[in-house]
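Me: I should like to learn how to read the features of a structure one at a time. Please take me through an example.

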Amino acid sequence: MKTFKRLTYPYMLWITAMIVIPMLLIVIYALTKQGNDVATLQFTLDNFIHFFTDADFLSTLWLSLKIACITTILCILIGYPIAYLIAASTPAKRNLYILLITLPMWINMLVRTYAWIGILSDNGLVNHVLQFFGIEPQKLLYTDFAVILGMVYNFIPFMILQIEASLAKLDRSLLDAANDLGADRLQRFLKVTLPLSLPGVISGITLVFLPAVSSFVIPKLMGGGAYMLIGNVIENQFITVGEWNFGSAISMIMACIIMISMYITRKLDKSDDAVSRKRGKV
Amino acid sequence: MEMIEMNEAKRLIEFKNIVKDFDGQLVLKGISLDIYENEFVTLLGPSGCGKTTLLRILAGFLKQNEGRVIFDGEEISELPPYKRELNTVFQKYALFPHMNVYENIAFGLKIKKMSKDVIEQKVMKMLKLINLEGFEQRNVTLLSGGQQQRIAIARALVNEPKVLLLDEPLAALDLKLRKEMQYELKRIQQEVGITFIYVTHDQEEALTMSDKIVVMKDGEIQQVGTPTDIYNEPQNRYVANFIGESNIISGIMRKDKLVRFDDMDFECVDIGFKENEPVDVVIRPEDLDIVAQDGGKMNGVVKSVLFKGVHYEIMVETVPGTTVSVKMNVTKEHDVASSDAKERISANHFFVDLEDVKDLNDAEIIARADAQAWDPENDEYLSISKIEYELKEEVGNYPVTFSTVLGTAVTVNIMVVEQKYVENPKKNEAISAFNFFKSVDEIKESVALDTDLKTWANAQGWKLSDESSVEIEDVEYDFDPDTITPGVYQVTFSTKGRVFKVHTTDIAEEGAEIALNFYSEDIHVMSKIGY
């Protein structure tokens, strides 16, 4: 066993160099004053106080959470029916559909987002079509709508794949049993299929909400240069303003929010999870 | 007249000529079956016989291609499962893992929007029926198989169906629990007084629980009857074999109440067959008694005795198998080396029957002579590139020469003879084998000596009536293969004799000469089936 243990050393080294040390640096930066050198660290909570006392930052945080929540809810509402239809089709078709869902992910996210800019811009595809029907051109790009559209478009495959996976492993005989006990299709869905697919929905939420709440490329492109979500604020602090300490503090606040939300989803997932794990063994 | 009407059980389900295929494969070939009220009916058959398919058609999960299902006087083929007045207990229980015991049992009642207190009353009554009171809040996934099984039964029964369908419900339980559940199920059925349709492949389960057994095979019904009917009066060889243990012998019905098998006539009670009609005869192992030699209907020798707990299972051979002995000529090494010693080649003399000479070809000759060439350096086989021989369809010796590409050659004799064979009219069979030549090494290197001996001697058995082949069961020889030296040895091949399985509480010595006795009513004669 000892010889095998040794094989993990390079990996440990990698983790230390690439994850642990940068994380520690963020913590140190967040808790210190600007202009310190390594020898004379001056610890302070000013960076955090600054964030929580500034109404602009707080409203940006609120907007980020709101946009991420809307994105997640839309992903569930649109993704669940799609996942359900995929899971219900024959294996050959299922593989095709899953390929189609994952296919866009082979292309760089920036390119896909730029494509949306072309579609939504003032003289883009959508407005051309509207004009054709005699409707006034609408301002679509650089709005909340555009940002949410970009996020839903980019993150929905994760939701679909998670829900589809949990629907696909659903035991058919449970559906037969529900039918047998008098449930019609709708009752069967509400009482058996939906509750048993919740673990998939919850891991889908994790996979969509987390990147959505900290995303900065999509709001930058789809929301325009002035559109600020918390991810953009952090980016600004590091790249434009040069306030590494304050940027680190916001990153830490975001990390805490993400950890709390993960804890909550875990908690929600727990009961269902225990059940599905038990079933897996049987 | 009215009295008879009242006594007659009401017909509840009628299957009318049900046909079902899956992707062109016929699974049900026109099943017609009536099921009555309050019956415990078992659909019995091996996996793939269509029993579960029939059940799923009745439950509404599958739709038949042809035929009608009539339930309580109404055609229900178009009715979806949730509108049918029956419930199913699934093979792997199919309990809802996200609900506790109470919620599982209450599922059907909640769907029917019954009031809370009525639901609670009914669920509690069910828990009492299945002896699981106090389990309401338990997680179903943490219960034992037997408990899950009973919850599944309660979940179905609480809906007060007219029929309960059970799809191999005990298959996943261990033996002891299965036996307990058999009684439990029968008790529950009698207590609630509804029709149970039970699917199983376990004949013992079927015999224990059923009022009526439906034996199925390949999508067809073989026999319908009470357990005693099915056991005592099986309609054919298949049913007799599937239900309980049995000795089945081919025979001929001489006339009413007289059957002939193993070259002897026996009185029986069966009538209605054609004169000299070929039939199958069943004698159950427990109907045979072992008595002193010449004191019974057939003399025999005890071949083996097995202790089975309540009884002994004794195999008695009444007609010995057919036997033939041949001589095996064992020589030392007989391989030939090439001049540069780079190659070795070997082959055996062999005998062949005059009648078979015309069937000999190169490949056959190589196989029969066991001709082999190899490189002694690395033991790799080399191909034999040339065979030279001249054969006539006359008795005599004919040399044959095998050679490799490099010209290393060996010559052996093909000995054409008129082979005698041993006939055994009592068992309607014959057996033949040839003397043969082998080297010490070949015998020592054999990994399956019995099989090799059969091949080397070309031992064959066949039926006298239709020349179909008869397996050679026994190979005996008078040498020890590990220490064999050159010389001549005897090898004896024999077919299996007529062996009767006897279940008795009296022990008999292995090898004892005894007789078997039975009563004429213990013989059950069946028509042959056409496969």
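Me: How many Å separate the centres of domain 1 of chain B and domain 3 of chain B?

Reply: The model is a predicted one. Taken over C-alpha atoms, the centres of domain 1 and domain 3 of chain B are 60 Å apart. The domain assignment places domain 1 at 9–238 and domain 3 at 323–495. Domain 2 is given as two segments, 245–320 and 516–527.

Me: What does the secondary structure of chain B come to, and why is chain B described as more spread out than a compact globule?

Reply: Chain B has 12 helices and 36 strands. The radius of gyration is compared with the value that the globule rule gives for the number of residues. For the 531 residues of chain B the rule gives 24 Å, whereas the radius of gyration is 33 Å, well over that value, so chain B is more spread out than a compact globule. Along the principal axes, the C-alpha atoms of chain B fill a box of roughly 100 × 60 × 45 Å.

Me: What share of chain B counts as buried, and what share of its contacts joins residues at least 24 apart?

Reply: Of the 531 residues, 35% count as buried. Among contacts between residues at least 6 apart in sequence, 67% join residues at least 24 apart.

Me: How is a strand such as strand 14 of chain B placed: is it mostly covered or mostly uncovered?

Reply: One counts the buried residues and then looks for the paired strands. Strand 14 (residues 277–283) of chain B is mostly covered, with 5 of its 7 residues buried. Strand 11 (residues 247–255) of chain B is joined to strand 14 by 7 bridges, and the two run antiparallel; within this pairing, Ser250(B) has Asp280(B) as its bridge partner. Strand 14 also pairs with strand 36 (residues 524–527) of chain B, in the antiparallel sense over 4 bridges. There, Val282(B) stands opposite His524(B).

Me: Which strands are the edge strands of the open sheet with the order 27-28-30-31 in chain B?

Reply: The sheet consists of 4 strands with antiparallel pairing. Its edge strands are strand 27 (422–424) and strand 31 (469–470) of chain B, each of which pairs on one side only. Strand 30 (residues 460–463) of chain B is joined to strand 31 by 2 bridges, and Trp462(B) stands opposite Ser469(B) of strand 31.

Me: What should one examine in a helix, taking helix 8 of chain A, and where does it bend?

Reply: Span, bend and burial are useful starting points. At 1.5 Å a residue, the 25 residues of helix 8 (residues 144–168) of chain A should span 36 Å, and the 35 Å between its end C-alpha atoms agrees with this. The helix bends by about 45° at Phe155(A), and Pro157(A) follows within four residues. Since 19 of the 25 residues are buried, helix 8 of chain A is largely enclosed by the rest of the structure.

Me: Is Thr102(A) buried or exposed?

Reply: Thr102(A), in helix 5 (residues 91–102) of chain A, counts as exposed because it has 12 C-beta neighbours inside 10 Å, and the cut-off for exposed is 12 or fewer.

Me: How many residues of chain B are in contact with chain A?

Reply: The contacts involve 19 residues of chain B and 19 residues of chain A. On the side of chain B that touches chain A, strand 6 (86–89) and helix 3 (101–111) are the elements that give two or more residues. Helix 3 of chain B gives the most, with 3 residues.

Technical notes:
Residues are numbered from 1 along each chain as its sequence is written. Chains are lettered from A and ligands numbered from 1 in the order in which they are written. This is a predicted model: local features need pLDDT of at least 70, side-chain atom pairs count only at pLDDT 80 or more; totals for chains, interfaces and linings use all residues. Domain bounds come from an automatic or database domain assignment. The radius of gyration is taken over C-alpha atoms; the globule rule is 2.2 Å times the number of residues to the power 0.38. A residue is buried if 20 or more other C-beta atoms lie within 10 Å of its own, exposed if 12 or fewer, and partly exposed in between; C-beta atoms are placed from the backbone. Two residues are in contact if their C-beta atoms, placed from the backbone, lie within 7 Å. The expected span of a helix is 1.5 Å times one less than its number of residues. The bend at a residue is the angle between axes fitted to the seven residues ending there and the seven starting there. Two strands pair if DSSP finds at least two bridges between them.
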